[in-house]
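Biologist: Please take me through this model one feature at a time. For each, I would like the general idea, then the case at hand.

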Amino acid sequence: MESSISRTSLNCISLADPDIQKSVTLLKQACLDSGFFYVVDHGISQEFMEEVFEESKKFFDLPHSEKMKLLRDEKNRGYTPMLDEILDPENQVNGDYKEGYYIGVEVPADNPEANRPFYGPNQWPSEELLPKWRKVMEQYHREALGVAKSVARIIALALDLDVDFFDRPEMLGEPIATLRLLHYEGGQKTGKVSNPAKGVYGAGAHSDYGLITLLATDDVVGLQICKDGNAKPQVWEYVAPVKGGFIVNLGDMLERWSNGIFRSTLHRVVLDGRERYSIAYFVEPSHDCVVECLPTCKSETNPPKFPPITCSAYLSQRYKDTHTDLSSYSDNKA
């Protein structure tokens with residue numbers, strides 16, 4: 001059961017504000033309330049953001065056969081077709097009505113590090129088809145990581161940690177950072193408008209896996225959040241797009257680290273039939289980073305709620321749980 005949908009208001013944090021304590025207060029309030037907030041004045045130019053969206057659209061406009069040549073591999077790099085991902089199997093009748101493209105940290109195949117999960121070479125469309133594509137996406141990957149590190153420093157202060165806590169090598173010094181381009185086809189193409197009552201979603205309800213997610217969207221409303229996933233009925237609220245800024249949300253790892261104090265909130269995409277593009281940037285720590293309760297988040301009356309786990313083990317299981325087995329595409333990859 002669900003109640004009627006309204007719009008939520010989120011705190012807005014300017015990375016250009018010299019009053020860091022103001023930013024910490026706004027972020028802390030957001031993390032306790034919903035785990036979602038806006039970030040503006042982040043340093044990535046509006047012109048470049050628009051170029052990234054343009055290049056993303058060019059890829060998704062390619063024929064299906066061309067996109068399938070770049071089907072995601074065992075490292076989760078490359079194209080994810082419509083219905084590939086099912087984020088809420090209890091409530092979805094099919095997978096998500098979206099297609100996507102994963103771009104991770106580039107590690108050459110002959111580098112020993114490429115043997116680790118989530119590390120390795122990316123898959124890239126041919127330069128004949130999309131001449132600027134790789135250059136634009138690699139630049140965005142770098143710039144978005146810089147924004148994520150700035151946000152992580154404010155999070156560290158909000159958790160009463162040293163400002164550079166997340167800058168350490170085992171944290172975001174060597175991150176598993178993943179850029180994901182997303183395209184939700186309009187109802188004209190799929191014949192599908194989101195309908196929660198019938199189990200049809202652009203993206204099913206889920207929480208993100210990692211530390212934080214930076215989301216840039218076009219101006220089509222679709223993202224909804226549920227601040228209390230245990231409520232009956234659940235209350236879903238739309239999050240308005242923010243021109244030139246990011247919608248930022250916390251992931252499950254940060255909830256584990258903070259012992260449940262900071263929120264990793266359920267969210268989904270429900271669309272009215274219009275086409276929608278978004279760009280998500282998922283930030284996780286290094287493979288061997290042990291995610292365990294922070295010293296500032298536990299006490300005798302609030303002992304650790306989650307056992308320690310490495311970042312790599314946690315992510316591997318979450319991806320396996322939500323994506324179609326690649327072997328099912330073996331006859332279609334051409």
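Modeller: What follows goes from the overall fold to the cysteines, the backbone and one loop residue. Note that this is a predicted model.

Biologist: How many helices and strands does the protein have?

Modeller: The protein has 8 helices and 15 strands. Its radius of gyration is 19 Å, close to the 20 Å that the globule rule gives for 334 residues, so the protein is as compact as a globular protein of that length. The C-alpha trace spans about 55 × 50 × 40 Å along the principal axes.

Biologist: What percentage of the residues is buried, and what share of the contacts comes from residues 24 or more positions apart?

Modeller: Of the 334 residues, 54% are buried. Among contacts with a separation of 6 or more, 78% are between residues 24 or more positions apart.

Biologist: What supplies the exposed area of the protein, and how many side chains are positive and how many negative?

Modeller: About 14,800 Å² is exposed, and carbon and sulfur atoms supply 51% of that area. There are 36 positive and 50 negative side chains, with the centres of the two sets 3 Å apart.

Biologist: Next, the cysteines. How many disulfides does the structure hold?

Modeller: In general, a disulfide is a covalent bond between the sulfur atoms of two cysteines. This structure holds 0 disulfides.

Biologist: Why is there no bond from C31 to the closest cysteine sulfur, and why none from C226?

Modeller: The criterion is a pair of sulfur atoms within 2.5 Å. For C31 the closest cysteine sulfur is in C297, 11 Å away, so the distance is too far for a bond. For C226 the closest cysteine sulfur is in C31, and because the separation is 18 Å, it is too far for a bond.

Biologist: Are C31 and C226 buried or exposed?

Modeller: C31 is buried, with a relative accessible area of 0%. C226 is also buried, at 1%.

Biologist: On to the backbone. Which sign of phi and which form of peptide bond should I expect?

Modeller: Most residues other than glycine have a negative phi, and most peptide bonds are trans. Here, the peptide bond from K232 to P233 is cis, with omega near 0°. P233 sits in the loop between β9 (223–226) and β10 (237–238).

Biologist: What is the phi of N76, and where is N76 found?

Modeller: Phi of N76 is near 55°, a positive value in a residue that is not glycine. N76 belongs to the loop between α3 (64–68) and β4 (78–80). Its relative accessible area is 11%, so N76 counts as buried.

Biologist: What is the phi of N259, and is N259 buried or exposed?

Modeller: N259 is not a glycine, yet its phi is positive, about 60°. The loop between α7 (252–257) and β12 (266–269) holds N259. With a relative accessible area of 1%, N259 is buried.

Biologist: Last, where is D167 placed, and which residues is D167 in contact with beyond its neighbours within four places in sequence?

Modeller: D167 lies in the loop between α4 (133–158) and α5 (169–173). Leaving aside neighbours within four places in sequence, D167 is in contact with K149, R153 and G173. The C-alpha atoms of D167 and A152 are separated by 8.2 Å, the two residues being 15 apart along the chain.

Biologist: What is the relative accessible area of D167?

Modeller: The value is 27%, so D167 is partly exposed; that class lies between the limits of 20% for buried and 50% for exposed.

Methods:
Residues numbered from 1 in each chain as written. Predicted model: local features only at pLDDT ≥ 70, side-chain atom pairs only at ≥ 80, totals over all residues. Heavy atoms only, no water. Helix = DSSP H or I, 4+ residues; strand = E, 2+ residues; numbered from the N terminus. Rg over C-alpha atoms; globule rule 2.2 N^0.38 Å. Buried < 20%, exposed > 50% of the residue type's maximum accessible area, 1.4 Å probe, protein only. Contact = heavy atoms within 4.5 Å. Areas by Shrake-Rupley, 256 points an atom, 1.4 Å probe, with all protein chains shown as cover. Lys, Arg positive; Asp, Glu negative; His and termini not counted. Charge placed at Lys NZ, Arg CZ, Asp CG, Glu CD.
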